[in-house]
Amino acid sequence: APCPQWPYCRKRCSYCSFNTYVVPAVNEAALRACLVREAQTLLHLSQVHSVTSVFFGGGTPSLASPCTVAAVLEAVAGATHLPAGAEVTLEANPSSTSTSRLAGFRAAGVNRVSIGVQSLDDTELRMLGREHTAAEARKAVEVARGLFPGRTSIDLLFGLPRQSQDAWAKRLEAALRLCDDHISLYQLTLEQGTALAGQVRGGALPAPSQDLLADMYQTARTVLVAASFRHYEVSNFARKGALSTHNLSYWQADQYIGVGPGAHGRFMLRGEGGCSREARVQTLEPVAWMQEVQKHGHGTRSRVVLSLLEQLEELLTLGLRTDEGITHERWGHFSPQLSLQAVFGEQGEARVLQQEGWLVLDSGGLRCTWAGLAVLDSLLPDLLRQLQRA
Amino acid sequence: QEKLDMSTYPVESIRNFSIIAHVDHGKSTLADRLLEITGTISKTDRNKQVLDKLQVERERGITVKAQSASLFYNHEGINYLLNLIDTPGHVDFSYEVSRSLSACQGVILVVDANEGIQAQTVANFYLAFEAQLSIIPVINKIDLKNADPERVEKQIEKLFDIPTDECIRISAKQGTNVEKVLQKVIEKIPPPQCNTADPLKALVFDSTFDHYRGVIANIALFGGEIAKGQKIVSAHTKRRYEVNEVGILTPNEQPTHKLYAGQVGYLIAGMKEVTEAQIGDTLFLYKQPVEPLPGFKSAKPMVFAGMYPIDQTEYNNLKSALERLTLNDSSVTVHRDSSLALGAGWRLGFLGLLHMEVFNQRLEQEYNMSVILTAPTVPYKAVLSSAKLIKEYGKDQITIINPAQFPDKLSVSEYLEPTVFGTIVTPHEYIGKIITLCQDRRAVQKDMLYIDENRVMLKYLFPLNEIVVDFYDALKSLSSGYASFDYEDAGYQSADLIKMDILLNGNPVEELATIIHRDKAHAAGKLLCERLKETIPRQLFEIAIQAAIGKKIIARETLKAYRKNVVAKCYGGDITRRMKLLKRQAEGKRLMRKIGNVEVPRDAFIRVLKRETDK
């Protein structure tokens with residue numbers, strides 16, 4: 001599952017800590033050529049037979065032109081098998097989603113869109129430093145739904161400074177009236193170094209209380225489930241089966257290939273005769289990355305072979321984020337010798353957590369309960385220790 | 001190095017003096033200027049606090065150890081030997097100041113032209129006055145914008161009864177009128193009254209430890225003479241030494257053939273520890289004992305703290321750092337101590353908070369050691385009434401250091417706590433606040449009397465544990481530094497002591513149990529609970545933090561459970577970061593202490609027990 005990264009934005013939002021750059025002019029042709037080259041190189045290295053999904057992230061991918069998207073998709077199709085029905089997602093900003101633009105992307109091969117709405121309130125949008133108004137966001141979603149019916153997703157944030165429970169309830173309702181069949185709902189995280197975090201730390205803005213955040217999350221889950229959404233991952237909801245194939249591949253610890261500056265990947269280099277899953281990161285800074293791609297065919301800054309333990313740790317941490325959790329089969333794919341039951345079934349931390357009502361271990365596999373999902377990060381350290389001992 | 005001949009300076013040409021002042025009024029700057037004018041050091045811009053040799057002194061701008069310097073100055077055709085003895089300005093070191101003064105016949109009293117007379121100005125003035133020294137008032141910093149020398153001169157006249165025309169107005173920084181001060185020293189301060197024909201009598205007014213040469217004692221000769229090869233005896237320790245070297249300080253060591261009566265300098269005599277050359281001690285020639293100089297006393301600690309290494313593996317390193325640091329500071333008292341939570345450590349006594357802070361800073365800077373400072377323990381006692389326990393201990397009265405050893409009320413006929421007689425001298429405007437402070441510390445007033453029209457002396461019987469942590473600072477704070485405090489051991493008294501337990505969800509935390517007086521239990525318990533609430537991380541269930549005496553709960557805080565704790569986004573790039581963090585947390589859990597089902601990080605106890613240094 002290739003994940004090409006478009007590392008540019010028109011402006012940095014107040015809460016963003018991603019590897020993105022705001023520059024006056026972008027040499028699109030050069031970047032396109034490098035994305036294409038790197039995609040080909042890495043796909044060859046991985047010897048992947050067929051690809052299940054492609055995800056254009058960044059930055060603001062909707063700032064790229066459709067022909068760049070087309071070129072990358074062509075490169076993928078050339079290097080491996082890209083089935084007709086494979087999910088091809090593009091992340092889009094409401095301020096770069098005119099009908100013609102989105103249609104252009106569709107023509108290039110995109111069949112799913114994720115719109116960064118974040119909020120349907122203008123004051124909140126200003127605090128977040130977003131480029132668009134609520135009205136523009138609404139329009140963008142409508143346009144997208146027209147072009148990608150049943151395959152449009154929206155991103156929303158909650159837990160903003162000064163946001164009350166009531167205000168959040170209103171946002172949810174508004175979102176429900178607007179949305180398609182997939183919503184990603186993220187609690188705002190104040191990352192160190194961002195402008196928003198600085199404002200909160202300096203006292204200009206209040207930090208929301210832990211209890212309020214917990215309430216907002218519970219409200220959201222309940223409301224969305226009542227509206228027929230399936231809460232299939234900590235922050236992701238889908239109805240009518242509109243789950244994101246690509247994101248599922250992260251949480252099931254499938255293989256994915258990061259292409260572009262700062263992209264992350266997890267795959268095996270069968271092309272070099274290897275059979276170990278590696279954790280890889282591409283060079284962060286676009287200019288440096290491009291130079292490396294031109295010279296060596298790819299700009300991989302770091303590659304680390306993951307031990308079996310590390311792979312299982314990732315599978316555990318990510319799999320438990322989903323409602324299905326980790327099935328016995330999936331676990332067995334990585335660890336045929338040591339089953340889920342063997343690790344977590346006997347006396348130990350998992351047993352205790354089950355008794356307390358946070359976890360379930362049965363024929364379906366290992367997963368969190370409804371309550372457990374909300375406090376997963378309090379459960380994981382114990383489970384990791386149990387895994388390490390086994 | 002060629003040795004100087006000190007015999008060319010007869011007693012009449014000698015002046016021994018000190019500079020005294022309140023903190024930051026310009027003592028050390030004036031000393032710098034005097035050294036420059038007399039050619040002792042060359043005049044450059046870099047002469048700042050020349051006599052402050054310790055790093056911590058130079059950084060903090062304070063003098064911690066007294067140094068001396070011998071200056072040579074020609075005035076009206078005569079070569080004079082002027083011995084300047086620099087003194088610590090801070091109240092914690094008043095004993096050192098008094099010993100330095102006893103080697104002088106006069107002082108320069110420096111007062112800031114803007115700030116005027118302050119607490120230490122008064123305290124030091126009284127020390128000099130009581131020692132019957134000539135006092136030369138000097139008003140400094142006249143170059144600054146807000147200077148008002150006239151006002152200060154009037155203050156001096158009113159408080160110290162010194163005529164205004166005797167004051168010299170100077171700027172030590174710029175050098176204005178500093179030469180006049182030197183001339184006044186020669187004119188007004190009498191030469192020492194002593195005779196080289198008398199038997200040797202030398203006062204030790206400071207000592208330092210040098211790794212190659214041993215203890216270097218700063219001495220002032222009150223009679224006789226001293227030279228290499230002579231055998232001398234310490235009046236305090238009664239030990240005998242042979243003199244290896246004598247000399248003067250300019251301000252570095254300059255050996256001389258001899259030192260004569262009335263002169264000030266240093267001596268090296270094979271002493272290995274500074275405790276062998278204590279401040280205030282008298283040295284005399286073997287087989288020629290003399291009446292020891294009055295005023296000697298061992299250092300009296302005022303502030304105590306427990307000191308522990310951050311980790312028990314550092315114990316030996318800290319032990320040797322402490323040994324070496326106390327080599328040069330005989331006023332720190334050291335006793336071994338231990339705590340359930342923190343392991344093996346020490347109970348240290350300091351002359352004051354500044355002394356403790358400077359000590360701690362030197363530990364960090366010179367020995368690279370970080371330590372944990374806690375509230376200390378005092379030795380309580382219990383008179384046993386249970387036959388079983390009496391048999392077990394082998395006696396009917398035991399000393400309790402550790403709360404775990406605290407015997408139950410039923411087995412005890414009486415608990416005892418150590419007490420001290422405290423004497424407070426204060427200007428009368430602070431009496432009310434001080435009385436309140438003492439009452440708050442369970443002290444009982446024994447006497448109160450006016451020693452002059454402005455100052456009052458209060459005598460109280462204090463439980464020792466009420467003054468060991470911060471009584472001294474509180475006293476200084478509410479009297480703007482003017483009140484002084486001294487105390488002596490007063491035995492034990494009966495006390496209503498209890499053992500206070502700290503519980504987490506009903507389970508006791510051994511490390512935090514304390515022995516405390518019943519009246520103080522609630523306040524202390526509440527504070528501990530509040531601090532714990534801030535240091536224990538939230539968990540999946542509610543945690544009740546309680547302080548209890550036996551079964552009775554006397555304070556409580558509640559730590560609510562987590563209802564949401566899961567990171568919002570976990571895709572691509574986030575995953576590696578997430579794994580690192582989670583694995584660190586998993587590792588951290590391994591080091592956690594589990595009390596019942598509550599997970600407590602190791603450093604939580606440390607943070608709760610730590611002494612508050614943010615004053």
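1. Two strands pair if DSSP finds at least two bridges between them. That rule is needed for a hairpin in chain A of this predicted model. The hairpin joins β13(A) to β14(A) through 2 residues. Strand β13 covers residues 359-362 of chain A, and strand β14 covers residues 365-368. The two run antiparallel, and 4 bridges join them. The pair therefore meets the requirement of at least two bridges. One partnership to look up is A:Val360 with A:Arg367 of β14(A).

2. Stay with β13 of chain A for the side chains. They alternate along the strand. A:Leu359 and A:Leu361 point to one face, and both are buried. A:Val360 and A:Asp362 point to the other face and are not buried. A:Val360 is thus worth a second look, as the residue whose bridge partner in β14(A) is A:Arg367.

3. Next, the whole of chain B. It has 615 residues, of which 54% count as buried. Its secondary structure comes to 15 helices and 33 strands. Consider the contacts in chain B with a separation of 6 or more: residues 24 or more positions apart account for 69% of them.

4. One loop residue of chain B deserves a check. B:Asp148 lies between β5 (134-140) and α5 (149-160). Is B:Asp148 buried or exposed? Neither label fits, because its relative accessible area is 29%, while buried means under 20% and exposed over 50%. B:Asp148 is partly exposed. In sequence, B:Asp148 and B:Asp112 are 36 residues apart. In space, their C-alpha atoms are 9.1 Å apart.

5. Now the contact between the chains. How many residues does each chain bring? Chain B gives 27 residues and chain A gives 41. The size of an interface is often given as the accessible area lost when the parts come together. Between chain B and chain A, the buried area is about 3200 Å². Carbon and sulfur atoms give 56% of that area.

6. Polar links also cross between chain B and chain A. There are 8 salt bridges between the two chains. Among them is the one between A:Asp382 and B:Lys589, with the closest N and O atoms 3.5 Å apart. Residue pairs in polar contact number 14, with both residues at pLDDT 80 or more.

7. Which helix gives the most to the side of chain B that touches chain A? That is α14 of chain B, residues 572-590, with 13 residues. The residues on this side of chain B divide into 11 nonpolar, 5 polar and 11 charged.

Terms used
Residues are numbered from 1 along each chain as its sequence is written. Chains are lettered from A and ligands numbered from 1 in the order in which they are written. This is a predicted model: local features need pLDDT of at least 70, side-chain atom pairs count only at pLDDT 80 or more; totals for chains, interfaces and linings use all residues. Side-chain values use heavy atoms; hydrogens and water are left out. Buried means under 20% relative accessible area, exposed over 50%, partly exposed in between (1.4 Å probe, protein chains only). Contact means heavy atoms within 4.5 Å. Buried area is the accessible area (1.4 Å probe) that two parts lose on being put together, summed over both. A salt bridge is a side-chain nitrogen of Lys or Arg within 4 Å of a carboxyl oxygen of Asp or Glu. A polar contact is a pair of N or O atoms within 3.5 Å; within protein, one must be able to donate a hydrogen and the other to accept it, and residues adjacent in sequence count only if both atoms are side-chain atoms. Ala, Val, Leu, Ile, Met, Phe, Trp, Tyr, Cys and Pro count as nonpolar, Asp, Glu, Lys and Arg as charged, and the others, Gly among them, as polar.
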